[in-house]
Every structure is written in C-alpha cells, then in structure tokens.
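Subject: Structure handover

Hi,

Here is the structure I promised to pass on. Please open it next to this message, and then read on for what turned up.

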Amino acid sequence: MSTVNEKLSFSKKSSGVVLRDVTKIFQQPDTGKDFIAVNHINLEINDGEMVTLLGPSGCGKTTTLRMISGFEYPTSGNVFIGSRDVAKVPPNKRGISMVFQSYALFPHMNIWENVAYGLRVAKVPQDEIIRRTNDVVELMQLKGMEKRFPNQLSGGQQQRVALARAVVIEPSVLLFDEPLSNLDAKLRESMRDELRALQKRLGITSLYVTHDQSEAMAISDRVVIMKDGNIMQEGSPTEIYEQPTSRFVANFIGKANFIDGILTGRDGEAALVDVGGHTISIPAPGAMPGVEMGGKCCLTVRPESFQLTAGDGPLSGVISRATYYGAKIEYEVMRGEQPIIVEVYNPQLTERFNVGDRVNMTLIDRCVRVLA
C-alpha cells in the first residue's frame, strides 16, 4: 500500500533556481532618485535544496524572493527555474508556490476548500482534485478538520493549511516569506521543525526568507547573508557561524566579541597576533581577508569559545555582570573599557564567578577567527 508521500510527485517536478547578475532598482517617490534594492547578485539553489535569505530589514532579501516569484521583475539579469529564464514571465506561469506571513486563507471557505482552491483554478479534473487534496490534508495532519473554517483554527493549524494549499499544486519551487513570524516562540520552533522535515521528505526546491537567525540555522541546507542589496557570504549554517568572513556576518549571526590586535607573524598555519603587548597564537585563523602583516586585525570570538579561570593572564578582566539562565551563565567581563560576553554552559559542573571577580579568558583552541 502506498504512503501519502509516495503518492505525491514533488521531487519529480522540483527544479533548481539560478539568479544571474540580477539587479533591481526602484525610483524613490519622494526624491525621484534611484534606489538599488538588489545589486548584481548571483545565486544558485540546487534541485531539492532549502536555502534561506537572511539579513536586516532593507537588505534586499524580500525583493529577491519577489523577483523569483514574479511579483517583481528585475531591472537587469536573468532568473532561471530549471532551464527556463522566467525573469519576465508572470507568477502564474512559473510553476512556483508561495507561503506568506499572513497565511492569506479565504475566510469564507472551509479547510478542504482552501487547500483545493489552486487545483480548481488550474481546472484539474474533479477526481484528481479530491485525491490530491485528501492526500495533502492527511500529510499536513489536518484530517478531521476539513469542514472547519480558518477562524476556528489555531495559528499553527492555519499555517499548516497555508502550506497545504501551496504544496497541493505540486510546484517545482516553494517560496516562504517569513511564514512563522506570527506564531509564538514555542509554536514557531515546532512548526519550523515540521516544515524542515516535510521539505526534506518531499524534496521540494525551497527559498526561505526570514530575519530570525535561529530559524535560518535550523532549517537550511545553505544560508545566504545579505546587506544593502549584496550577498555578503553564503554557506552551510556551520560554515556561516564558525567561519565568518567579515565582522558584519560574525556579528549578525549569533553573538561575537571583537578583540583588536596586530598581526605580527605566522607559525605554520597559525597566526600570531599581538593583543595589548601579549602575543597570542591562533591555530585556525581562517582566510583573514583584508588583513596584512603588521596591520590591524581583530580576534573574532564567540561567547562560548572562552574558558574562564580566576586570576590574571593575557586576556584578563573583571566580572561586571553574571546572569544565570539555567543551562548556562552569561558573564560580562570588562577588559579595560571593552565589555566581553562569555557564556559558560553546564554551570553546575564549572567554577562560578561573582561580580567584581578578576578572571582570565583563555581562548578555546581552533574556535577563533582573525578578521580585518
């Protein structure tokens, strides 16, 4: 007996997406000046891959999504879905579906009718509408709710209906525009995990836009960081977090401390950095883009990449704040005028410090990057 997943054919229809030298320029109505929302970006989303666009407000991520969906046309450049350039093709002829932040459900239709709507518009035969709608309703764990209306559902259930309506038409590409932002924190986390599991099972090529860093890290095969219409860095969540190539990326993804120094030499692969008169060896400094020998640089250190011990050392300071979170203690250590954030996990198993204690911060081996 076939399962619901086996009945669906998303993976057969899924296609990759390629943006080639894509630019979008808007004219500002108040000044008449051009505003470059997206600046000559190149991006490839592989068949079946989940890629997230992440960045601050105004970085160009939503404009990029809208150019793929067809709600905006690029000023220049090419947008390929599969082998077809769809840069000037209307949205309804691109073979894509979109899940919105607002759900966009029809309040006068019940759940089954909402899910089936796209198939009816496409004039799919009635027997196929019934089969595919029932399959997706079951897949989304909405069975038994078909006759309810949107106002009778929780936020998470409404989001499942919106997702069901998007996938029932068996799109080649699925687009998400901050779909979980209206949910509370716990529900957002569980829906995030459900969405990722579904995408992996069905193998739908997906592009996800969010400003939530933890969401991007949890659901993505690749994360693309944008700023001012440009792609700053792209890679797996692990690469983005552990190997940032700029202060902006390091500071935007999670928390980061920046300790100024001077690159004084190399010892094999290690970088030798002078920090306040102490030479510190950094075994895995990364590519160090823009850093010159004898020039200024900074040690980029995540809060969990320190070990604290009592007393003085090359990186010593005074505890100015200690906040207990249960699974961790977050310390603020004042190193002169600079606050350094240190997170110590499993506090029951480690030495605890109080405000006013003098401590030394030892860098955990291979967890520090050197940036310009």
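Let me start with one residue. Ile130 lies in helix H5. Ile130 is partly exposed, with a relative accessible area of 36%. Its C-alpha sits 23 Å from that of Gln199, a residue 69 places away in sequence. Keep in mind throughout that this is a predicted model.

**Helix H5**

H5 runs over residues 126-139. For its 14 residues, 1.5 Å a residue should give a span of 20 Å, and the end C-alpha atoms are indeed 20 Å apart, so the two agree. Several residues of H5 are buried: Ile129, Arg132, Thr133, Asp135, Val136, Val137 and Leu139. After H5 comes Gln141, with a positive phi near 60°.

**The chain as a whole**

The protein chain has 372 residues, and 49% of them count as buried. It holds 10 helices and 20 strands. The C-alpha trace spans about 75 × 50 × 45 Å along its principal axes. The accessible surface comes to about 17,600 Å², and carbon and sulfur atoms account for 50% of that. Now take the contacts between residues at least 6 apart in sequence: 66% of these join residues at least 24 apart.

**Helix H6**

H6 covers residues 155-167. Its 13 residues reach 19 Å from first C-alpha to last, close to the 18 Å expected at 1.5 Å a residue. How many of the residues of H6 are buried? The count is 12 of the 13, so H6 is largely enclosed by the rest of the structure. The buried residues run from Gly156 to Val167, and include Gln157, Gln158, Gln159 and Arg165.

Arg160 is worth a look. This residue lies in H6. Is Arg160 buried or exposed? It counts as buried because its relative accessibility is 16%, and the cut-off for buried is under 20%. Leaving out residues up to four places away in sequence, Arg160 touches Met140, Gln141, Leu142, Met191 and Glu194. Gln141 in that list is the residue with positive phi that follows H5.

**Val99 in strand S6**

Val99 is found in strand S6. It is buried, with a relative accessible area of 1%. Residues up to four places away in sequence aside, Val99 touches Gln159, Ala162, Leu163, Ala166, Leu174, Leu175, Phe176, Asp177 and Pro179. Of these, Gln159, Ala162, Leu163 and Ala166 are buried residues of H6. Val99 and Gln338 are 239 residues apart along the chain, and their C-alpha atoms are separated by 44 Å.

**The largest pocket**

The largest pocket holds about 730 Å³ of space. Its lining has 27 residues, and those closest to the centre are Ile96, Ser97, Met98, Gly118 and Ile169. Strand S6 (96-99), helix H4 (111-121) and H6 are the elements that give two or more residues to the lining. By class, the lining of the largest pocket has 18 nonpolar, 5 polar and 4 charged residues.

**The cavities**

How many cavities of 30 Å³ or more does the whole structure have? The search finds 2.

The largest cavity has a volume of about 50 Å³. Its lining is made of Leu163, Val167, Leu174, Phe176, Leu195, Leu198, Gln199, Ile204 and Ser206. The elements that give two or more residues to this lining are H6, strand S7 (173-177) and helix H7 (185-202). H7 gives the most, with 3 residues. By class there are 7 nonpolar residues, 2 polar and no charged. Gln199, met above as the partner of Ile130 in a distance, is one of the lining residues here.

The second largest cavity has a volume of about 30 Å³. Val99, Gln159, Leu163, Pro179, Leu180, Met191 and Leu195 line it. H6 and H7 each supply at least two of these residues. The classes here are 6 nonpolar, 1 polar and no charged.

Some names recur. Leu163 lines the largest cavity, lines the second largest cavity, and touches Val99. Leu195 also appears in the lining of the largest cavity and of the second largest. Met191 lines the second largest cavity and touches Arg160.

Over to you.

Note on methods. Residues are numbered from 1 along each chain as its sequence is written. This is a predicted model: local features need pLDDT of at least 70, side-chain atom pairs count only at pLDDT 80 or more; totals for chains, interfaces and linings use all residues. Side-chain values use heavy atoms; hydrogens and water are left out. Helices (H or I, at least four residues) and strands (E, at least two) are DSSP runs, numbered from the N terminus. The expected span of a helix is 1.5 Å times one less than its number of residues. Buried means under 20% relative accessible area, exposed over 50%, partly exposed in between (1.4 Å probe, protein chains only). On a 1 Å grid over the protein atoms alone, a cavity is a set of points where a 1.4 Å probe fits but cannot get out, and a pocket is an open set with protein on both sides within 12 Å along at least five of seven lines; lining residues have an atom within 4 Å of a point. Grid points are joined across faces, edges and corners, and a volume is the space filled by probe spheres set on the points. Ala, Val, Leu, Ile, Met, Phe, Trp, Tyr, Cys and Pro count as nonpolar, Asp, Glu, Lys and Arg as charged, and the others, Gly among them, as polar. Contact means heavy atoms within 4.5 Å. Accessible areas come from the Shrake-Rupley method with a 1.4 Å probe; for residues, only the protein chains shown count as cover.
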